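Colleague: I am new to this structure and would like to learn how to read its main features. Could you show it to me and then take me through them in turn?

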Amino acid sequence: MAHILLVEDDLALQQLTKEYLVHNGFSVATIANGDDVMAALHKRMPDLIILDVMLPGKDGFTVCREVRDRFNVPILMLTAKGEDFDQVVGLEFGADDYVIKPVEPRVLLARINAVLRRQQPVKVSEELVFGQLRIDKTSRQVFLHQQEVILTSHEFELLWLLASNAGEVLNRDYVHQKMIGREYDGLDRTVDVRISRLRKKLIDNTARPYRIKTVWGQGYLFVSDAWE
């Protein structure tokens, strides 16, 4: 069941939209103030954000830009601001679709489903190779310099997540959510411990990592050209 965060300050419309989406198989969380969006994302990452523009607190354009700077979650803007300029701004700020109110519920539903379909992960290769590192997802085996590296299931999942996004800094909260299944509380060191173990097993420099880097204040980076 896809989870939607609905950001709408018209409470009557918010309720109607929520009921319609729930009736069509979505789970829906609602907020009415743009200032509350980031906190809501840290609490639970949705599969899609439906975002009004004219909101109390931060306006929808500002929220859209801030969310896009940190997360890949799809954003569908749903607003009465229908000028071409507004649509261009919304899309250039990172929205995946721009729907103008009023909209027929069935049309909104179709647009939501279209955005979600576009976000379906493309099937990736079941094997990733970086220099002397080979990661086989099918057999769940890892080889470095042709020697098998024995990983726990959690370590393999973390390595696969990082390697599948090689060259991209993965936000710490995102990694925690993917690995642990709940939001990062600022105290849980589980992911840090797994990262540390991975570095040791993959012969990284634990004092100054160059293969799996920690980018302070941002997250973790798998370096694709550090495996020769």
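Modeller: What follows is a conversation about the chain as a whole, then two helices and a residue in a third, and then two pockets.

Colleague: What should I know before I begin?

Modeller: This is a predicted model, in which local features need pLDDT of at least 70 and side-chain atom pairs count only at pLDDT 80 or more, while totals for chains, interfaces and linings use all residues. Residues are numbered from 1 along each chain as its sequence is written, and side-chain values use heavy atoms, with hydrogens and water left out.

Colleague: How many helices and strands does the protein chain have, and how are they assigned?

Modeller: Helices (H or I, at least four residues) and strands (E, at least two) are DSSP runs, numbered from the N terminus. In the protein chain there are eight helices and 12 strands, and the C-alpha atoms fill a box of roughly 60 × 30 × 30 Å along the principal axes.

Colleague: What share of the residues is buried?

Modeller: A residue is called buried under 20% relative accessible area, exposed over 50% and partly exposed in between, with a 1.4 Å probe and protein chains only. Of the 228 residues in the protein chain, 43% are buried.

Colleague: How do I judge the span of a helix, taking α5 as the case?

Modeller: The expected span is 1.5 Å times one less than the number of residues. Helix α5, residues 105–118, has 14 residues and reaches 20 Å from its first C-alpha to its last, close to the 20 Å expected. Helix α6, with 12 residues, reaches 16 Å, close to the 16 Å expected.

Colleague: Which elements do the buried residues of α5 pack against?

Modeller: Contact means heavy atoms within 4.5 Å. The buried residues of α5 are L108, L109, I112, A114, V115 and L116, and they pack against β1, α1, β3, β4 and β5.

Colleague: Is P105 buried, exposed or partly exposed?

Modeller: P105, which is found in helix α5, has a relative accessible area of 37% and is therefore partly exposed. Its C-alpha atom is separated by 7.6 Å from that of Y20, although the two residues are 85 apart along the chain.

Colleague: Why does V175 count as buried?

Modeller: V175 lies in helix α7 and counts as buried because its relative accessibility is 0%. Leaving aside residues up to four places away in sequence, V175 touches L158, L161, L170, V191 and Y220. The C-alpha atoms of V175 and V191, 16 residues apart along the chain, are separated by 7.8 Å.

Colleague: What is a pocket, and what lines the largest one?

Modeller: On a 1 Å grid over the protein atoms alone, a pocket is an open set of points where a 1.4 Å probe fits, with protein on both sides within 12 Å along at least five of seven lines, and lining residues have an atom within 4 Å of a point. About 1,500 Å³ of space lies in the largest pocket. Of the 44 residues that line the largest pocket, N72, L161, N165, Y174 and K178 are the closest to its centre. Helix α7 supplies the largest share of this lining, six residues.

Colleague: How does the second largest pocket look in these terms?

Modeller: The second largest pocket has a volume of about 180 Å³, and among the residues that line it are Y20, P105 and L108. Helix α1 gives the most to its lining, with four residues, while α1 and α5 each supply at least two.

Note on methods
Points joined across faces, edges and corners; volume = space filled by probe spheres on them.
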